[in-house]
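Reader: I should like to learn how to read a protein model of this kind. May we take its features in turn?

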Amino acid sequence: MLPASAKIPLKQLHRQSICIVRGNRKKDEESGTDVVEGTDEWNHSKAAVRPPDQLELTDAELKEEFTRILTANNPHAPQNIVRYNFKEGTYKLIGFVDQLAVHYTQAGNLIPKDSDEGRRQHYRAELAAGSQESAKLIISEENLEEDEEPKELEAEAGSQTDVPAAGAVEKVTEEEMMTPKQPKELKLTNQFNFSDRASQTLNNPLRDRECQMEPPPRTNFSATANQWEIYDAYIEELKKQEKTKEKEKTKTPVAKKAGKMATRKLTSMESQSDDITKVSQAAKIVERMVNQNTYDDVAQDFKYYEEAADEFRDQEGTLLPLWKFQNDKAKRLAVTALCWNPKYRDLFAVGHGSYDFMKQSRGMLLLYSMKNPSFPEYIFSSESGIMCLDIHVDHPYLVVVGHYDGNVAIYNLKKPHSQPSFRSSAKSGKHTDPVWQVKWQKDDMDQNLNFFSVSSDGRIVSWTLVKSELVHTDVIKLKVEGSTTEVSEGLQLHTVGCGTAFDFHKEIDYMFLVGTEEGKIYKCSKSYSSQFLDTYDAHNMAVDAVSWNPYHTKVFMSCSSDWTVKIWDHTIKTPMFIYDLNSAVSDVAWAPYSSTVFAAVTTDGKAHVFDLVINKYEAICKQPVVAKKKNKITHVQFNPIHPIIIVGDDRGHITCLKLSPNLRKMPKEKKGQEVQKGPAVEIAKLDKLLNLVREVKTKT
């Protein structure tokens, strides 16, 4: 054991061992022995070792280049993946294989240097670098202290108590050097520079507003209930009951049954009807508002849209489809009649039935408004198909219809019953064949309503509404000329002409035209029932429609299933214009705004619009207006005011179409002259065309 004064510190021992090792190394270098002995072995270990199966190649073979093409295809990707195909019911190879192979992925984010987070990270990196430099400086100072001579041994050995105090001081200084002071950082909520802000909105002060109304006027009513007043009231009630009994006696048994059913329904639904009637008007207005919003773009086109392309083409026009009217109850029923209401210009009536003899079923009478295209305003059903209809000019609520079974009926729109107000029967008299057309006439001398009807049974009948009954008289019976055959005992048989269409003259009340299935047109008079005023060999097939010109009193038009439309002067037996439309013509109609414009529809689904002033030889508009080719157009009608037409087909659909500006051209304004308008101008315009044709015919 060494005495306390002779203890050597550990640092000094470590220095002595290092000095001894260094001295040994110097001795070895000076002696120089045993250093070069392992040099050959080391060089020998660096020589290349060849495997025994290596090929020996020549220089040419070694210099030969082999090209390798790098592709994006993954050689390890499977090429035979199959999936089950449900459409074909078999497994099929997948053509597309994912060639992407991911070797390394690491999620990270980029922070701009100029942002607050970037500056903060940069600041932290500088602090870390500064602390490392300070550590290096401390280590180098320690190395310098170790290399100095051992002068401090005596001072350290002199007093043991001073050593730990000095060591503590050194540790404190080292810690202060290692951890430099950091400046205070400004804390942000996040990297998007978000800052909370609050603001208080100003609430507007509430104000009370009052107004004073005048009180409603009041009246005091007083009456005394005497015995005679009560007696008079009872007498009036008894008279009303007697009148209703008389009406019931005059009614037919069918009407009685219908009346009983209606009364039962009314009694069962009295409570409901009271509630519904209160809301019905408001509900109708709301329904129209909803439809106006739904079909707003169509309504805008109807009112404002004009075809801009018409400015660049003089002799052509187009039809713009607007609304399409259809009802589920009238499915698979053809449109057999169309008629605009003379008072309410947006309302039109549609008759539904069937032209097929083998497929006769029920009929429907629907009234649509352009303000509500989604649902009809009035719905009436009938047991037999409706083939024609007409609305009274002075009483627009009365609609007369002709049925396929030969009956005629009058519907009153003011009475919401589904049954007609007046109806013919086999007992009271009816047609024996389908009624093809009906027309209201002026009231007779006794101010009774009357109308005419034409049927395939060859009779033209006048129906008069006397009190509550339909009274009929035969105006004329159609006979085919030259078809009389004599039978024994001097009897003569006449072949009956089948009437299909008729029209009354606009000015001469007694004169009217009748078209027949034989293709002839008869000019008849109400006064003469035995003979015709004139006969026209018009067509080779049945005449589908006959119509007088609304302006010119001499001109009328006819169309037929023989593909032709003909324009006539009733004083001349030959047609003035003939147009072949390459398909059976179902209906024709004159335009209300011009004497030279008319429209025709054909069974191939096309609408043709003619203007004789612009083109005398062909239509200025020929356009398919039905979606499917199998659909046949049956009827067409012009609106009395608006520039639109409605077209009906055999599927029960009614399409509304707007005429482009070229189809309703009016005379151009000349400088310094007023444009002449009116019936006289329209008559002169058509007369000018007819005179050209007459001159050509007289020359030939």
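**Reading a predicted model**

Author: Let us begin with a single residue in this predicted model. Ser558 has a relative accessible area of 0%, so Ser558 is buried. The general idea is that a residue counts as buried when its relative accessible area is under 20%.

Reader: Where in the chain is Ser558 placed, and which residues does Ser558 touch beyond four places away in sequence?

Author: Ser558 belongs to strand β23, which covers residues 555-560. Leaving aside residues up to four places away in sequence, Ser558 touches Ile521, His539, Ala545, Val546, Thr564, Val565, Lys566 and Trp568. With Trp568 there is also a polar contact between the two side chains, at 3.1 Å.

Reader: How should one read a residue in a loop, and is Asn549 buried or exposed?

Author: The same cut-off serves: under 20% relative accessible area counts as buried. Asn549 is found in the loop between β22 (543-548) and β23. Its relative accessibility is 2%, and therefore Asn549 counts as buried.

Reader: Which backbone atoms does the side chain of Asn549 reach?

Author: The side chain of Asn549 comes to 2.8 Å from the backbone nitrogen of Tyr551. A polar atom of that side chain also lies 3.1 Å from the backbone nitrogen of His552. Beyond four places in sequence, the residues touched by Asn549 are Lys506, Val555, Phe556, Trp590, Ser595 and Leu686.

Reader: What is the general idea for a strand?

Author: In a regular strand, side chains alternate between the two faces of the sheet. As a case of strand pairing, consider β18 (residues 499-504) and β19 (residues 511-516), which run antiparallel and are joined by 5 bridges. One of the bridge pairs is Gly499 with Thr516 of β19. The two strands form a hairpin, with 6 residues between them. Strand β18 is mostly covered, as 6 of its 6 residues are buried.

Reader: What order do the strands take in the open sheet of 4 strands?

Author: The order is β26-β27-β28-β29, and the pairing is antiparallel. The edge strands, β26 (585-590) and β29 (621-624), each pair on one side only. From one strand to the next, the twist averages 15°. Within this sheet, β26 pairs with β27 (residues 597-602) over 5 bridges in the antiparallel sense. Ala589 has Ala599 as its bridge partner in β27.

Reader: How does one check a helix, and what span should the 24 residues of α7 have?

Author: An α-helix has 3.6 residues a turn, so residues three or four places apart point the same way. For helix α7 (residues 227-250), a rise of 1.5 Å a residue means that the 24 residues should span 34 Å. The C-alpha atoms at its ends are 36 Å apart, which agrees.

Reader: Does α7 lie largely in the open or under cover, and why?

Author: Helix α7 lies largely in the open, because the number buried among its 24 residues is 0.

Reader: How many helices and strands are there in the protein, and what share of the residues is buried?

Author: The protein contains 11 helices and 32 strands. Of its 700 residues, 32% count as buried. Among contacts with a separation of 6 or more, 47% come from residues 24 or more positions apart. The accessible surface of the protein comes to about 50300 Å², and carbon and sulfur atoms account for 54% of that surface.

Notes: Residues numbered from 1 in each chain as written. Predicted model: local features only at pLDDT ≥ 70, side-chain atom pairs only at ≥ 80, totals over all residues. Heavy atoms only, no water. Buried < 20%, exposed > 50% of the residue type's maximum accessible area, 1.4 Å probe, protein only. Polar contact = N/O pair within 3.5 Å; in protein donor to acceptor, adjacent residues only side chain to side chain. Contact = heavy atoms within 4.5 Å. Pairing = 2+ DSSP bridges. Expected span 1.5 Å × (residues − 1). Axes fitted to C-alpha atoms, helices over the stretch in contact; angles between N-to-C directions. Areas by Shrake-Rupley, 256 points an atom, 1.4 Å probe, with all protein chains shown as cover.
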